[in-house]
Amino acid sequence: MKVVLLGPPGAGKGTQAGLLAERLGLEHISTGDLLREEVHKRTELGRKAKGYMDRGELVPDDLIIEMLAGRLNRDFILDGFPRNLRQAEALAEVAEVDRVLDLELTEEEVVRRLSARRVCEGCGRNYNLLTNPPVTEGVCDACGGRLIQREDDRPEVIRRRYRVYEEETAPVKEFYRRLGLLAELDGARSIEEVFQEALQLLEPSR
Ligand code: AMP
């Protein structure tokens, strides 16, 4: 099964993609995580991408499409891609998507959630100080790493990312709606509630 998750930053795409990938045996492909890894390793791609990411803008399509080359031939759940129409068309050329889940969230809720997001420096696990805090403040439950705030989770950058989402990614929703693949979910609910609905949509017979 090939699944795409859409939705604004902070809607829970990463969390749900991780849970669904594990339950359904799909590969979780997050372009944001892949890019942050490139930045961390200071590769050429990472150097090119960093400025865009810090400003909350999209990294140029060619770099993203090249980064994904060869990764899309097995079953997957994509989180953070496609982000605009050109990427959606590029994906359609190499893979047949079965289902698209769109997690919806208002701008105010996005700002509230992302301002409280913390990420483990070591393993990349996400926490939220309001809804999903670590057991010990500032320390990752899974690996003991230090929890930090992402550079692009500052309020002014969050608002820019939301604008980019509305302008660039909303047409992608229309693209998949026309193909009859889109399902919209209310992302403001608990992780468990969204997960159960997503499972139901992906595997109605279970
Ligand atoms: P995310 O973790 O999905 O919020 O992505 C963080 C940042 O990485 C975004 O704000 C963009 O700068 C960049 N990025 C991630 N995925 C893409 C993509 N598909 N196309 C362009 N830029 C992306």
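This passage describes a predicted model of a protein with a bound ligand, beginning with the ligand and its surroundings and then moving along the chain.

The ligand is a good place to start. It is surrounded by 16 residues, and the closest are Thr 31, Arg 36, Glu 57, Gly 80 and Gln 87. Sorted by class, this shell consists of six nonpolar, four polar and six charged residues. Helix α2, which covers residues 31-40, gives the most to the shell, with four residues.

Some of the contacts to the ligand can be followed atom by atom. The side chain of Arg 36 places an N or O atom 2.9 Å from an oxygen atom of the ligand. For Gln 87, a side-chain N or O atom lies 2.9 Å from a nitrogen atom of the ligand. Arg 161 also takes part, with a polar side-chain atom 3.2 Å from an oxygen atom of the ligand. Taken alone, the ligand would expose 480 Å², and the protein buries 95% of that area.

Gln 87 deserves a second look. This residue belongs to helix α5, which spans residues 85-94. Its relative accessibility is 3%, so Gln 87 counts as buried, the limit being under 20%. Besides facing the ligand atom described above, the side chain of Gln 87 joins that of Asp 61 in a polar contact of 2.9 Å. Helix α5 also holds Glu 93, and here the picture is reversed. Glu 93 counts as exposed because its relative accessibility is 71%, and exposed means over 50%. The C-alpha atoms of Glu 93 and Asp 33 are separated by 23 Å, with these positions 60 residues apart along the chain counted as their separation.

Arg 161 leads to another helix, α7, where Arg 161 is among the buried residues. Helix α7 runs over residues 155-178 and contains 24 residues. From its first C-alpha to its last, α7 reaches 34 Å, close to the 34 Å expected at 1.5 Å a residue. Even so, α7 has a kink of about 40 degrees at Thr 169, shortly before the proline Pro 171. Thr 169 itself is buried, and other buried residues of α7 include Val 157, Ile 158, Tyr 162, Val 164 and Tyr 165. Further along the helix, the buried set also includes Val 172, Lys 173 and Tyr 176.

Not every residue of α7 is hidden in this way. Glu 174 is found in α7, and this residue counts as partly exposed because its relative accessibility of 31% lies between the 20% and 50% limits. The side chain of Glu 174 makes a polar contact of 2.5 Å with the side chain of Arg 177. Glu 174 and Asp 98 are 76 residues apart in sequence, and their C-alpha atoms are 16 Å apart in space. After α7 comes Gly 180, whose phi is positive, near 75 degrees.

Backbone geometry offers two further points of interest. Most residues other than glycine have a negative phi, and most peptide bonds are trans. Arg 42 has a positive phi of about 55 degrees although it is not a glycine. This residue sits in the loop between α2 and α3, the latter covering 44-55. With a relative accessible area of 69%, Arg 42 is above the 50% limit and is therefore exposed. The second point concerns the peptide bond from Phe 81 to Pro 82, which is cis, with omega near 0 degrees. Pro 82 is located in the loop between β3 (76-79) and α5.

Two more positions complete the description. Ala 17 is part of helix α1, made up of residues 13-24. The relative accessible area of Ala 17 is 0%, so this residue is buried. Between the C-alpha atoms of Ala 17 and Thr 106, which are 89 residues apart along the chain, the separation is 20 Å. Asn 126 lies in strand β6, residues 126-128. At 29% relative accessibility, Asn 126 counts as partly exposed. Asn 126 and Thr 15 are 111 residues apart in sequence, while their C-alpha atoms are 7.8 Å apart in space.

Technical notes
Residues numbered from 1 in each chain as written. Predicted model: local features only at pLDDT ≥ 70, side-chain atom pairs only at ≥ 80, totals over all residues. Heavy atoms only, no water. Near = heavy atom within 4 Å. Polar contact = N/O pair within 3.5 Å; in protein donor to acceptor, adjacent residues only side chain to side chain. Areas by Shrake-Rupley, 256 points an atom, 1.4 Å probe, with all protein chains shown as cover. Helix = DSSP H or I, 4+ residues; strand = E, 2+ residues; numbered from the N terminus. Nonpolar A, V, L, I, M, F, W, Y, C, P; charged D, E, K, R; others polar. Expected span 1.5 Å × (residues − 1). Bend = angle between axes of the 7 residues up to and from the residue. Buried < 20%, exposed > 50% of the residue type's maximum accessible area, 1.4 Å probe, protein only.
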